[in-house]
Amino acid sequence: TTTSAVLFTPTGPTVTLGVTVTLATTCTASSIRVVSLSPAPSGVVSGGGTVCSGSDATIQVALTGTAPYRLTWSDGVVQSGLASTPAQRTVWPTTLTTYSVTSVQDAVCSGTASGSATFDVVAAPSAVMTSPDTTIFPGGSATLTVRLDGEGPYTVTWSDGLVETVADPELTRTVSPAATREYAISSVRNGTCSVPGVGSTF
């Protein structure tokens, strides 16, 4: 018995291999095989942007190949058994972070990925009412003070529906209620993050 090996580089989606053996006795034998080739899998990462501190974000990977897929990420996370495309991953970045895929594997072979998702993290703002409860006479007025923290500018929504946009870390407002009334900050937003305010005054 003699074994022979032939190396070749396929160039199409299928390859037809044929072999014919001729013996000294003039007997011949032949065999033909059709081999189907699978292209290497690939992935394209998309996503990124600005997120609020403590919030999550979603990354997508458009995949080609034969499911299931296995992805290895730049931060060491491995996702396996992915059955469809695009694949998704939820992340919780705490600082400026870039995510990319370093390896793609499908049911047949290994491939590569391109693209990345970069997230910039913005600190959540806060609004604290610092004014004490105040008693005023009819026709009088009172000044409300709110301390703002985090990245500005701030869009502040009051409990009575007033909306103000300010850049300074301290907000003051003069009110002249006709009757006893509570004032509070419903929410504060800095362009990326929106959170409820803290405290109220009468």
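1. Isoleucine 185 is a convenient place to begin, and it is found in strand β18, which covers residues 183-189. In this predicted model, isoleucine 185 is buried, its relative accessible area being 5%. Aspartate 160 stands 25 residues from isoleucine 185 in sequence, and the two are 9.0 Å apart in space when taken from C-alpha to C-alpha.

2. Aspartate 160 also takes part in a salt bridge, its partner being arginine 173, with the closest N and O atoms 2.7 Å apart. Aspartate 160 sits in the loop between β15 (154-158) and β16 (163-166), whereas arginine 173 belongs to strand β17 (residues 170-175), so the pair ties together parts that are 13 residues apart in sequence. The two partners can be set side by side in terms of accessibility: aspartate 160 is partly exposed at 29%, while arginine 173, at 14% relative accessibility, counts as buried.

3. How many salt bridges does the count come to? The count is three, and another of them is formed by the side chains of arginine 89 and aspartate 75, which meet at 2.7 Å, N to O. This pair links distant parts of the chain, since arginine 89 lies in strand β8 (residues 87-91) and aspartate 75 in the loop between β6 (69-73) and β7 (78-82), with their positions 14 residues apart in sequence. Arginine 89 is buried, with a relative accessible area of 11%, whereas aspartate 75 is partly exposed, with a value of 41%.

4. Aspartate 149 and arginine 147 form a salt bridge as well, and here the closest N and O atoms are 3.5 Å apart. Aspartate 149 counts as partly exposed at 34% relative accessibility, and arginine 147 is likewise partly exposed, with a relative accessible area of 40%. As general background to these pairs, side chains of opposite charge can pair when their charged atoms come close.

5. Turning to the cysteines, the structure holds one disulfide, which joins cysteine 52 to cysteine 193 with an S to S distance of 2.2 Å. The disulfide links distant parts of the chain, with cysteine 52 in strand β4 (residues 48-52) and cysteine 193 in the loop between β18 and β19 (194-195), the two being 141 residues apart. The torsion about the S-S bond of cysteine 52 and cysteine 193 is about 125 degrees, and the disulfide is therefore right-handed.

6. Are the two cysteines of this disulfide buried or exposed? Both cysteine 52 and cysteine 193 are buried. Cysteine 109, by contrast, is partly exposed, with a relative accessible area of 26%.

Methods
Residues numbered from 1 in each chain as written. Predicted model: local features only at pLDDT ≥ 70, side-chain atom pairs only at ≥ 80, totals over all residues. Heavy atoms only, no water. Helix = DSSP H or I, 4+ residues; strand = E, 2+ residues; numbered from the N terminus. Buried < 20%, exposed > 50% of the residue type's maximum accessible area, 1.4 Å probe, protein only. Salt bridge = Lys/Arg side-chain N within 4 Å of Asp/Glu carboxyl O. Disulfide = S-S within 2.5 Å.
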